[in-house]
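Let's walk through this fold together, starting with the sheet and moving on to what packs around it. Keep the viewer open as you read.

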Amino acid sequence: MTILITNDDGVNSSGIIAAKKAADKLGETLVVASATQQSGIGHALTLFEPIRVTNITMVDGGEAYMVSGTPTDSVIIGIFQIADKKPDLVISGINIGENLGKSELTTSGTIGAAMEAAVHGIPALSVSLQVTRGDIKFHDGHVDIDFSHAQKITERVARMILEKGLPEGVDFLNLNIPSHPQNDCIKLTRLGERMYRVHITERLDPRGRPYYWIDGDSVEDDDKGTDVHTLKRENCATLTPISLDATSSLGSMANWLD
């Protein structure tokens, strides 16, 4: 079994080391990830500048490939340039900070990398760990977080994917793990509406011209059965099956063009 490991926090993130440790027990691992923090980059692809790949040694002594582009670039380079054969599984994470709701499906680089693997017919798992400290969510490099429980849950789900495959109609799985769990529960969930309510801060530069920071206020609850509610209110890991086919019902459009 060959497992490609990537992320959007950068190749030097503590979370990618944790994902590698979880996957090491399941097969041969190949780490290919962005050189720097790429949170919020979504499913972006680099087309107008060259992509550089550097072979590095990770802090655990293992080998990794550092990519100058996005998480999606990393998956493509990993599959088609570095790997000797098509990987059996792609794990994207462990992301520092949860990725919940419909909005994160298109903005998260963690999910974007898993989505790219799925495009090429490879089972994929995006993994994110809830954090309560905002200052470490977008940190580039090592952070002092206990990943032991997240590693255990990641290994458990990854093993099931390798042994059972993904169900028909499911292209990849989005896993979110609570920061302080009370047990090892995992619940199947659907996507909540959103993880953040958009908040924009306007400031003035030294010449008096306005500039803006796009931010968000965290949504703390949603309907029962959603990933937001299950993680934040039930303190339970969430597993959401995702399909690449985002086509809405054609039947509802039957008379629309008339």
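The backbone of our tour is an open sheet of 9 strands with mixed pairing, running in the order S3-S4-S2-S1-S5-S6-S7-S11-S8. At its edges stand strand S3 (53–57) and strand S8 (186–188); each has a single partner strand, so one side of each lacks a neighbour in the sheet. On average, neighbouring strands are turned by 25 degrees against each other, direction ignored. Helices (H or I, at least four residues) and strands (E, at least two) are DSSP runs numbered from the N terminus, and two strands pair if DSSP finds at least two bridges between them.

A word on ground rules: this is a predicted model, in which local features need pLDDT of at least 70 and side-chain atom pairs count only at pLDDT 80 or more, while totals for chains, interfaces and linings use all residues. Residues are numbered from 1 along each chain as its sequence is written, and side-chain values use heavy atoms, with hydrogens and water left out.

At one edge, S3 pairs with strand S4 (residues 63–67) in the antiparallel sense over 5 bridges. There, Ile56 stands opposite Ala64 in S4.

Now for the helices on the sheet. Helix H1 (residues 14–24) touches strand S1 (2–6), strand S2 (28–34) and strand S5 (89–96), and its direction makes about 140 degrees with that of S5. Helix H5 (residues 148–164) also packs on the sheet, with S7 (172–177) and S11 (237–242) among the strands it touches. Contact here means heavy atoms within 4.5 Å; axes are lines fitted to C-alpha atoms, for helices over the stretch in contact, and angles run from 0 to 180 degrees between N-to-C directions.

How do H1 and H5 meet? Their axes come within 9 Å and cross at roughly 45 degrees. That makes H1 oblique to H5, since angles under 35 degrees count as roughly parallel, over 145 as roughly antiparallel, 65 to 115 as roughly perpendicular and the rest as oblique. Ala18, Lys21 and Ala22 in H1 meet Gln151, Thr154 and Glu155 in H5.

Helix H2 (residues 71–82) and helix H4 (residues 109–119) pack at about 30 degrees, their axes 8 Å apart, which makes H2 roughly parallel to H4.

Finally, a disulfide (cysteine sulfur atoms within 2.5 Å) joins Cys185 to Cys236, with S to S at 2.2 Å. Cys185 lies in the loop between S7 and S8, and Cys236 in the loop between helix H6 (227–232) and S11, so the pair ties together parts 51 residues apart in sequence.
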